[in-house]
Amino acid sequence: MAQAIVVRELGGPEVLKLEGVTLSPPGPGEVQIRQVAVGLNFIDVYFRTGLYKSASGLPFVPGKEGAGIVTAVGDGVSLFGIGDRVAYASSDGAYASERNVEASQLVKVPDDISLETAAAMMLKGMTAQYLLNQTFKVGPETTLLFHAAAGGVGLIAGQWAKALGATVIGTAGSQDKIDLALAHGYDHVINYRTDDFVARVKELTDGRGVDVVYDSVGKDTYPASLDCLKSRGLWVSFGNSSGPVDAFSIGILAQKGSLFATRPTLFGYVSTRPALEACANSLFDIVQSNKVRININQTYPLADAGRAHTDLETRKTSGTTLLIP
Ligand code: NDP
């Protein structure tokens, strides 16, 4: 019997309970995998609390990121075979020892990348890929601000932005996290719990402001993030770790300097097979080049998913976190 975390009611970390589940054989177009590791993501918190709604309603198995070995394939699957090492960042259901997943959402993991690393990076790394290479084309002329610099996405993005030649400014909530971010590509890191990050960004850019702000904190950094931008700069609002931005009115973009704004999600950038493969291959390339290292800083048994959520929400984690079935 497979083991899975099943959410039967929305709420705090205590609703994450391990259960035995009977897994049906993979359906047409599906692959069954034995999972080696599951990635923890802040988006899992939004689904657990109900900020985002699971397409399948209640109950559901949370989690969007994992890696493992193919154990069975359904009808019509030609891209994968039994024994393949695969990973994904896709629909719910990752918090499980075994699962069925649509083959179209899987990619093969190169031999020199461990399945643990793949599970830790598929969602966070492909997010860094599209944010820095597609939402805005970061290059040597770019100065950017990335909030939550020592987080899962943040540590990958800092290294990647540095590899692209950018001047990289980050924010983080403690001295330990500042030191970690400085060791992962960031040129400057501001403690946004103690310092005025707008004033520090202005100082660091000689009053000009940055070209792009990547803001996954949401409520607590809005609207100050807009004040960090140069005229016609881009505000990329891509998360809500402190709560959603609910007071946004489009007129503020004019008042703050003819700004641009976007609210992207990874799933909008990898919705076709060619887009998914290009994004994943770009991530594999940069990890294989050692320009981006994946820091797995916390590991929990799958049964302790609730404790992992508590640590993530109370800002105790840094880098990436794995749940091990
Ligand atoms: P992180 O590891 O970055 O954890 C979140 C971090 O946010 C914390 O460690 C903390 O860092 C910071 N933070 C600031 N305020 C709060 C608060 N009130 N409560 C909790 N944390 C806070 O998580 P992930 O790497 O999984 O995700 C980062 C963000 O990116 C999330 O908002 C997530 O939803 C978003 N995301 C969006 C995607 C998209 O495509 N749109 C895809 C992937 C992630 P510190 O202590 O330094 O302040």
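**View 1. The two domains of the chain.** In this predicted model, the chain is divided into two parts, of which domain 1 is made up of residues 2–122 together with residues 295–324, while domain 2 takes in residues 140–263. The distance from the C-alpha centre of domain 1 to the C-alpha centre of domain 2 is 29 Å. Where the domains are in contact, domain 1 contributes 11 residues and domain 2 contributes 15 residues.

**View 2. The area buried between domain 1 and domain 2.** The size of an interface is often expressed as the accessible area that is lost when the parts come together. For domain 1 and domain 2 this buried area is about 970 Å², and 50% of it lies on carbon and sulfur atoms. On the side of domain 1, the residues that lose the most area to domain 2 are Asn295, Arg315 and Gly319, which together account for 45% of what that side buries.

**View 3. Polar contacts and residue classes at the domain interface.** Between domain 1 and domain 2, 9 residue pairs are counted in polar contact, with both residues of each pair at pLDDT 80 or more. The rule for salt bridges, in contrast, finds 0 of them across this interface. Sorted by class, the side of domain 1 that touches domain 2 holds 4 nonpolar residues, 6 polar residues and 1 charged residue.

**View 4. The surroundings of the ligand.** The ligand is surrounded by 29 residues, and the closest of these are Tyr130, Lys177, Tyr192, Leu266 and Arg315. Arg315 therefore deserves a second look in this view, as a residue named both among the closest to the ligand and among those of domain 1 that lose the most area to domain 2.**View 5. Polar atoms close to the oxygen atoms of the ligand.** An N or O atom in the side chain of Arg315 lies 2.7 Å from an oxygen atom of the ligand. The backbone also takes part, since a polar backbone atom of Gly152 is 2.9 Å from a ligand oxygen atom, and a polar backbone atom of Ser216 is likewise 2.9 Å from an oxygen atom of the ligand. Of the 900 Å² of accessible area that the ligand has on its own, the protein covers 93%.

Key:
Residues numbered from 1 in each chain as written. Predicted model: local features only at pLDDT ≥ 70, side-chain atom pairs only at ≥ 80, totals over all residues. Heavy atoms only, no water. Domains from an automatic or database assignment. Contact = heavy atoms within 4.5 Å. Buried area = accessible area lost by both parts, 1.4 Å probe. Salt bridge = Lys/Arg side-chain N within 4 Å of Asp/Glu carboxyl O. Polar contact = N/O pair within 3.5 Å; in protein donor to acceptor, adjacent residues only side chain to side chain. Nonpolar A, V, L, I, M, F, W, Y, C, P; charged D, E, K, R; others polar. Near = heavy atom within 4 Å. Areas by Shrake-Rupley, 256 points an atom, 1.4 Å probe, with all protein chains shown as cover.
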